[in-house]
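Q: Please take a close look at the nonpolar core of this model. I would like to know how it is built and how it sits within the rest of the chain.

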Amino acid sequence: MKHITLSALAVLAATAAAPAFAQEAGDWTIGIGIANVNPKSGNGELDAIVPGAGIDVDSDTQLSFTAEYFFTPNIGLEILAATPFSHDISIDGVGDAGDTKHLPPTISVNYHFTNFEGFKPYIGLGLNYTNFFQESSPLGKLELEDSFGLAAQIGVDIPVTETGALRLNARYIDIDTDVKLNGDKIGTAEIDPVVLGIAYVMTF
């Protein structure tokens, strides 16, 4: 019984000593980390080049940045930015079909749950705008049109200090882009990635 009591007291002491990372209305958080954009398997077909040939878009990892303004202790408006992602594009039976870069700014409304001890989960829903640029291809002049789509995320903040936390999150982004080669549409690429992120978030 004595050992159980001492163990319980140790757990309570550790819980009491845990940093109370939280936001109030009017607070800002800034997050700096890395994000991996991992497109789904099978990103469409380019029948105009090879009938039935599938497109594959590879993944990439870059620096990520977030800024979030809190309207209440639970609800915040977040903007996501990143350094440019680079992706190689291949076609089944053809091989290398080109490459592109993109920027994926995303605006989300997040709801942060505040009734947990030691961690703070959240969910979010928003809108993504993906800007493609610097496309190149050995097949000719490649163009990927910009995309608008819904974005959803889940995440958790793990307090490190009273004003800082480690953030882990996963996003799904709906990214569909029309693909043109030498000015002619040859198909649609359905990228629809899962974006996995880790960041350090600070409250101001």
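A: A nonpolar core is here a set of buried Ala, Val, Leu, Ile, Met, Phe, Trp, Tyr and Cys residues joined through side-chain atoms within 4.5 Å, where buried stands for under 20% relative accessible area. The structure is a predicted model. In the largest such core there are 22 residues, and I89 and V179 are those with the most contacts inside it. Two or more residues of this core come from each of β1 (28-38), β2 (55-57), β5 (85-91), β9 (142-144), β12 (176-181) and β13 (184-190). With 3 residues, β5 provides the largest share. In soluble globular proteins, nonpolar side chains tend to be buried together.

The surroundings of V179 can be followed in detail. Beyond its neighbours within four places in sequence, V179 contacts L142, E143 and L144, together with D184, K185, I186, G187, T188 and A189.

As for the rest of the chain, its secondary structure consists of 1 helix and 14 strands. Of its 204 residues, 38% are buried. Among contacts with a separation of 6 or more, 64% join residues 24 or more positions apart. The chain exposes about 10500 Å², of which carbon and sulfur atoms supply 64%.

The model also encloses empty space. It has 3 cavities of 30 Å³ or more, and the largest holds about 180 Å³. The lining of this largest cavity comprises 21 residues, with A35, S64, L80, N169 and R171 nearest its centre. At least two lining residues come from each of β1, β3 (60-70), β4 (75-82), β11 (164-173) and β14 (194-203); β14 gives the most, 5 residues. Strand β1 thus appears in both settings, as it gives two or more residues to the core and at least two to the cavity lining.

A further buried site is H112, in strand β7 (residues 106-112). H112 counts as buried because its relative accessibility is 0%. Leaving out residues up to four places away in sequence, H112 touches E68, F70, N74, K120, P121, Y122, D157 and R167. One of these partners, Y122, is 10 residues from H112 along the chain, and their C-alpha atoms are separated by 4.2 Å.

Confidence should be kept in view. The average pLDDT of the chain is 88, and 87% of the residues score at least 70. Over residues 1-17, however, pLDDT stays under 50, and the model has 1 contact beyond four places in sequence for this segment. Where pLDDT is low, the predicted coordinates should not be read in detail.

Note on methods: Residues are numbered from 1 along each chain as its sequence is written. This is a predicted model: local features need pLDDT of at least 70, side-chain atom pairs count only at pLDDT 80 or more; totals for chains, interfaces and linings use all residues. Side-chain values use heavy atoms; hydrogens and water are left out. pLDDT is the predictor's confidence in each residue, from 0 to 100. Contact means heavy atoms within 4.5 Å. Buried means under 20% relative accessible area, exposed over 50%, partly exposed in between (1.4 Å probe, protein chains only). Helices (H or I, at least four residues) and strands (E, at least two) are DSSP runs, numbered from the N terminus. Accessible areas come from the Shrake-Rupley method with a 1.4 Å probe; for residues, only the protein chains shown count as cover. On a 1 Å grid over the protein atoms alone, a cavity is a set of points where a 1.4 Å probe fits but cannot get out, and a pocket is an open set with protein on both sides within 12 Å along at least five of seven lines; lining residues have an atom within 4 Å of a point. Grid points are joined across faces, edges and corners, and a volume is the space filled by probe spheres set on the points.
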